[in-house]
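These are my notebook entries from a session with one protein model. I set down what I looked up and what I found.

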Amino acid sequence: MKYLPLDPNIFIHNRSRFTRLMQPGSIAVFVSNDEWPMNGDALHHFKQNSDLFWLSGIEQEDSMVILFPSNPDEKFREVLVLVRPNELKEKWDGKRLRAEEARRISGIQTIVWLDSIDAMLQTWIHLADNIYLDSNENDRRASQVRNREYRFIDEMRMRYPLHQYLRAAKIMKELRAIKTKEEVQVIQQAIDITNNTFRRLLGFIRPGVMEYEIEAEIVHSFLSQRSTGEAYGSIIASGDRARALHYVSNNAECKAGELLLMDFGAAYGGYCADLTRTVPVNGKFGRRQKTVYNACLHLHDYAKSLLKPGISIVDYTEKVGEEATQQFLKIGLLRKSDVKNEDRENRAYRKYLYHGISHHLGIDVHDLGTRTEPIKAGMVFTVEPGIYIEEEQMGVRIENNVWITRNGNTDLMRNIPITVEDIEALMKKTIHQTTT
């Protein structure tokens with residue numbers, strides 16, 4: 001790993017939170033993700049199963065976490081399974097974790113090698129009444145590929161058909177949505193790296209620069225700060241391309257007079273940052289650009305003021321939509337007749353703001369959490385309203401990450417420049433420095 005070691009108490013506490021919600025007489029088994037084939041003999045970069053990482057901090061392939069709080073043998077109540085280090089394989093693929101290293105990362109004291117786990121696991125299963133198995137229950141999941149989690153479920157049901165099977169994902173969805181202070185500290189590190197990178201970009205952006213050059217600066221800055229890289233594919237969209245929400249071509253020239261929308265975030269310690277800023281390519285907002293930007297910033301601040309315990313994301317989105325309607329009337333995007341005659345299932349403002357305002361953030365960029373139940377203290381959300389105007393070939397989005405507290409929220413990105421005045425001043429300063 002590139003990042004500095006995390007406090008293993010993060011994962012010790014997470015396992016304790018999970019086991020407290022297990023039914024008596026239960027065992028829980030979590031397996032790592034597949035190594036996905038690319039082309040030929042190549043593999044995609046390995047990405048750990050988020051639930052297994054949340055429990056252990058282990059990023060290595062072919063790993064398992066087994067939790068059995070009522071195991072008669074106390075040392076096997078928490079078990080980390082790892083692939084046995086192999087000298088020949090390490091000559092090709094690099095070093096694998098030793099037992100002591102894994103203990104320092106995870107706080108799990110009992111390490112069992114993968115090639116010897118089957119007989120031990122069978123004994124433990126026979127002692128248990130219930131088996132918790134994991135599955136991907138992220139509401140945004142779209143892939144129908146039957147990955148290792150689901151193949152493991154099939155295998156366990158075939159081998160132990162008379163046990164009661166329970167969904168670990170149901171507990172995970174509740175727990176992972178509520179971040180501990182220690183988890184938020186890691187998210188803050190990802191955000192601080194992203195802040196440094198954004199400030200660096202303000203001195204790099206100018207007419208004639210290519211979107212992919214900006215993307216390259218982002219990756220360079222992230223890696224030089226011990227980030228593991230991008231938390232997701234960076235969106236670097238100048239001009240009319242900013243209206244495409246997941247634009248990732250990043251291959252066009254940034255031109256004077258255009259706005260540049262940048263949606264990017266660093267990954268650090270297994271957790272994600274998610275920032276969006278929209279800046280003028282030439283360092284100066286035009287009059288109309290400033291009007292639209294400030295309307296978007298108003299929506300951003302208004303949305304942030306609503307995010308507090310008790311409101312649901314559904315109700316929150318509806319309130320932001322009402323405010324967006326008023327702002328769009330104010331800046332001439334909507335007429336009163338548009339609002340009067342709107343379809344309540346497809347509100348008039350949706351022509352210019354056609355995505356959600358917030359999503360959960362954590363180990364995954366679109367992290368686990370509910371949309372319909374009341375927001376709780378400890379959750380971390382993005383706040384990202386946008387305004388997209390086809391007729392003006394313009395897209396503006398402003399996004400920060402906030403941590404929900406008992407009485408409201410804390411903006412974890414409060415130190416990142418956001419106003420027209422701050423962005424223009426920093427771009428003017430850095431452009432001046434690079435030309436003198």
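**Entry 1. Loop positions with unusual phi.** I began with glutamine 393, which lies in the loop between E14 and strand E15 (394–397). The model is a predicted one, and I read every value below as computed from it. Glutamine 393 has a positive phi of about 50 degrees, although it is not a glycine. I noted this angle because most residues other than glycine have a negative phi. Is glutamine 393 buried or exposed? With a relative accessible area of 52%, glutamine 393 is exposed, because the threshold for that class is over 50%.

I then turned to asparagine 250, in the loop between strand E8 (235–238) and strand E9 (259–264). Asparagine 250 also is not a glycine, and I read a positive phi of about 50 degrees for it. Its relative accessible area is 1%, so I recorded asparagine 250 as buried.

**Entry 2. Helix H11.** I looked up the extent of H11 and found 18 residues, 313–330. From its first C-alpha to its last the helix reaches 25 Å, close to the 26 Å expected at 1.5 Å a residue. Which residues of H11 are buried? I listed Ile313, Tyr316, Thr317, Val320, Gly321, Glu323, Ala324, Thr325, Gln327 and Phe328. In an α-helix, residues three or four places apart point the same way, because there are 3.6 residues a turn. The packing partners of the buried H11 residues are two helices, H10 (287–306) and H12 (336–340), and two strands, E13 (380–383) and E14 (386–389). Just after H11, I found glycine 332 with a positive phi of about 85 degrees.

**Entry 3. Arginine 371.** I placed this residue in the loop between H12 and E13. Arginine 371 counts as partly exposed, at 42% relative accessibility. Its contacts, not counting residues up to four places away in sequence, are Ser312, Ile313, Val314 and Ser358. Of these, Ile313 is also among the buried residues of H11. I also checked the separation from tyrosine 316: the two residues are 55 apart along the chain, and their C-alpha atoms are separated by 9.9 Å.

**Entry 4. Two buried loop residues.** Serine 135 sits in the loop between strand E5 (130–133) and helix H6 (148–159). I found serine 135 buried, with a relative accessible area of 11%. Leaving aside neighbours within four places in sequence, serine 135 is in contact with Glu149, Tyr150, Ile153 and Ala169.

Threonine 180 belongs to the loop between helix H7 (168–177) and helix H8 (181–202). Threonine 180 is buried as well, at a relative accessible area of 10%. Not counting residues up to four places away in sequence, I found that threonine 180 touches His13, Asn14 and Arg17.

**Entry 5. Cysteines.** How many disulfides does a search of the whole structure find? The search returned zero. Why does cysteine 254 form no such bond? The closest cysteine sulfur, in cysteine 296, is 19 Å from the sulfur of cysteine 254, which is too far for a bond. Cysteine 254 is buried, with a relative accessible area of 0%. I also recorded cysteine 272 as buried, at 5% relative accessibility.

**Entry 6. The second largest pocket.** I noted a volume of about 450 Å³ for the second largest pocket. Of the 21 residues that line this pocket, the closest to its centre are Arg140, His246, His359, His366 and Glu384. By class, I read the lining as seven nonpolar, seven polar and seven charged residues.

How values were computed:
Residues numbered from 1 in each chain as written. Predicted model: local features only at pLDDT ≥ 70, side-chain atom pairs only at ≥ 80, totals over all residues. Heavy atoms only, no water. 1 Å grid on protein atoms, 1.4 Å probe; cavity = no way out; pocket = protein on both sides within 12 Å on 5 of 7 lines; lining within 4 Å. Points joined across faces, edges and corners; volume = space filled by probe spheres on them. Nonpolar A, V, L, I, M, F, W, Y, C, P; charged D, E, K, R; others polar. Helix = DSSP H or I, 4+ residues; strand = E, 2+ residues; numbered from the N terminus. Expected span 1.5 Å × (residues − 1). Buried < 20%, exposed > 50% of the residue type's maximum accessible area, 1.4 Å probe, protein only. Contact = heavy atoms within 4.5 Å. Disulfide = S-S within 2.5 Å.
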